[in-house]
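Could you walk me through this structure in my viewer? I would like to know what to select at each stop and what I will find there.

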Amino acid sequence: MSIFIKNIKKLVNCREESPELLRGAQLGELPCIENAYLIIDNEEIADMGEMSELLPDQLHAIESSVDKVIDATGRMVLPSYCDSHTHLVYAGSREMEFSDKLHGLSYQEIAARGGGILNSVELLHNTSEDILLKQALERADEIISFGTGAVEIKSGYGLTLEDEMKMLRVAARISSERPLTVKTTLLAAHAVPSRYKGNREGYVDEIIKEIIPAVAAEGLAEYVDIFCEEGFFTVEDAERIFEAGAKYGLRPTVHANQMSVSGGVEVGIKHHAISVDHLEFTGQAQWRALAESDTIATLLPGATFFLNMDYPDARAMIKEGVAVAIASNYNPGSCPAGDMKFMMALALLKMKITPEEAINAATVNGAYAMGVEEIHGSITPGKKASLFITKEIPSYEFIPYSFTTPLVETVILKGKIYE
Ligand code: NIG
């Protein structure tokens, strides 16, 4: 299928060449073309430019040769968001923990009482793969309608080989059922399951000896993650799991410094993690180390908001030269929401990020943070035509500004209009 989108008020984040990972001042540069056109051929972006460059004959020739012409007068086109940290596959919900929270219990206290992640683990164990898929597809459809075109999905509510594999198979099935690009991460080290209560190391042994080899043998994950946090897993556990994962080609990513200065950032950098995520408890030392590394700092403002915590200082990170990405962290416990527009709004309001930085962090750097930068993250010829057309809006700043108004009018994923 070929599509010609004409009269685009602004083609946002369009780059002739696929950009490098963005840091510092680069994050604030958002290349755009005003009054633009875009040509899509099959799954890919074929061409783009200013409407004024097209001679009347050329315009006529294009319009009569393509399968579909879309007039985007007053509308903007943006590359799909790349949501590089989610737990999209889960069973049911955990709204009952709201009242615990309102009564003053912290995330860790709820977890220590057997709630939290372990609650979702039990629900998932009692849910069939097909029902799990049905629930996950509802969330996938929801994020597609918000403008997301690539999503990373973690396991971590199984905590047995069988249930971790069930989650990862569901994640893989999402990408066959929907035109989303999906990357999968093994997060068996998300919580210590009840059967290993008091024997965390025993569970880490099981992850290393059984879960990693079996998941890798079936090619069910590309990354390996750990919740490196007081009350969950230690830096030593991370070292062991990352070394084991490396033998099977699984690159690390870390839930780091979410509730405390956990050492997650340092162990992630040491093992060349693609990203370290959360980072509420970080300061100059961690930012400097990140700035000197290839590891991306993925900020999850939706979880900071939902857990009512202090936000990480993104402004200082960017100043230090850290490559910052923004993701939703869609999950049942700390962020039951996957709207990247809302995440960008929070980043602006609470982390002092600019609109340009937020868009880059949610697209270009998000793509890097999940290893899809060659095909997603910017409007670039040769990349997948995964993008969205907005409703009529005055400016791109209007997107995070009007943070609850649906502004996505048309979604195109891998060259097809998604209806
Ligand atoms: O990224 N922090 C650990 N994992 C998730 C929350 C998972 C849950 O509570 O179900 C997070 O915030």
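Start with the salt bridges: a search over the whole of this predicted model turns up 22 of them. Side chains of opposite charge can pair when their charged atoms come close. For an example, select Lys 183 and Glu 222, whose closest N and O atoms are 3.0 Å apart in a salt bridge. This pair joins distant parts of the chain, with the two positions 39 residues apart. Lys 183 sits in strand β8 (residues 181-189), while Glu 222 belongs to the loop between α7 (200-217) and β9 (223-228).

**The two domains**

Next, colour the chain by domain. Domain 1 is made of two segments, 2-79 and 378-418, and domain 2 covers 81-369. Their C-alpha centres are 30 Å apart. Where they touch, 31 residues of domain 1 meet 37 residues of domain 2.

Stay at this interface for a moment. The two domains bury about 2700 Å² between them, and 64% of that area is on carbon and sulfur atoms. Now select Leu 21, Arg 23 and Leu 27: these supply 24% of the area that domain 1 buries against domain 2, more than any other three residues.

Which polar links cross the interface of domain 1 and domain 2? The search gives 0 salt bridges there, but it does find 19 residue pairs in polar contact, counting pairs with both residues at pLDDT 80 or more.

To see which elements of domain 1 face domain 2, show β5 (75-79), α16 (398-401) and β15 (408-413), each of which brings at least two residues to that side. The largest share, 3 residues, comes from β15. By residue type, this side of domain 1 divides into 17 nonpolar, 8 polar and 6 charged residues.

**A tyrosine to select**

Now pick Tyr 368, which you will find in helix α15 (residues 364-369). Leaving aside neighbours within four places in sequence, Tyr 368 is in contact with Pro 19, Glu 20, Leu 21, Ile 274, Ile 296 and Glu 373. Leu 21 is also one of the three residues picked out at the domain interface. For a distance to display, try Tyr 368 to Ile 326: their C-alpha atoms are 11 Å apart in space, and the two residues are 42 apart in sequence.

**The ligand**

For the last stop, centre the view on the ligand and show the 15 residues around it. Which of them come nearest? Those are Tyr 107, Tyr 157, His 190, Gln 258 and Ser 334.

Three polar distances are worth drawing here:

- His 190: an N or O atom of its side chain is 2.8 Å from a nitrogen atom of the ligand.
- Ser 334: an N or O atom of its side chain is 2.5 Å from an oxygen atom of the ligand.
- Asn 329: an N or O atom of its side chain is 3.1 Å from an oxygen atom of the ligand.

Terms used. Residues numbered from 1 in each chain as written. Predicted model: local features only at pLDDT ≥ 70, side-chain atom pairs only at ≥ 80, totals over all residues. Heavy atoms only, no water. Domains from an automatic or database assignment. Contact = heavy atoms within 4.5 Å. Buried area = accessible area lost by both parts, 1.4 Å probe. Salt bridge = Lys/Arg side-chain N within 4 Å of Asp/Glu carboxyl O. Polar contact = N/O pair within 3.5 Å; in protein donor to acceptor, adjacent residues only side chain to side chain. Helix = DSSP H or I, 4+ residues; strand = E, 2+ residues; numbered from the N terminus. Nonpolar A, V, L, I, M, F, W, Y, C, P; charged D, E, K, R; others polar. Near = heavy atom within 4 Å.
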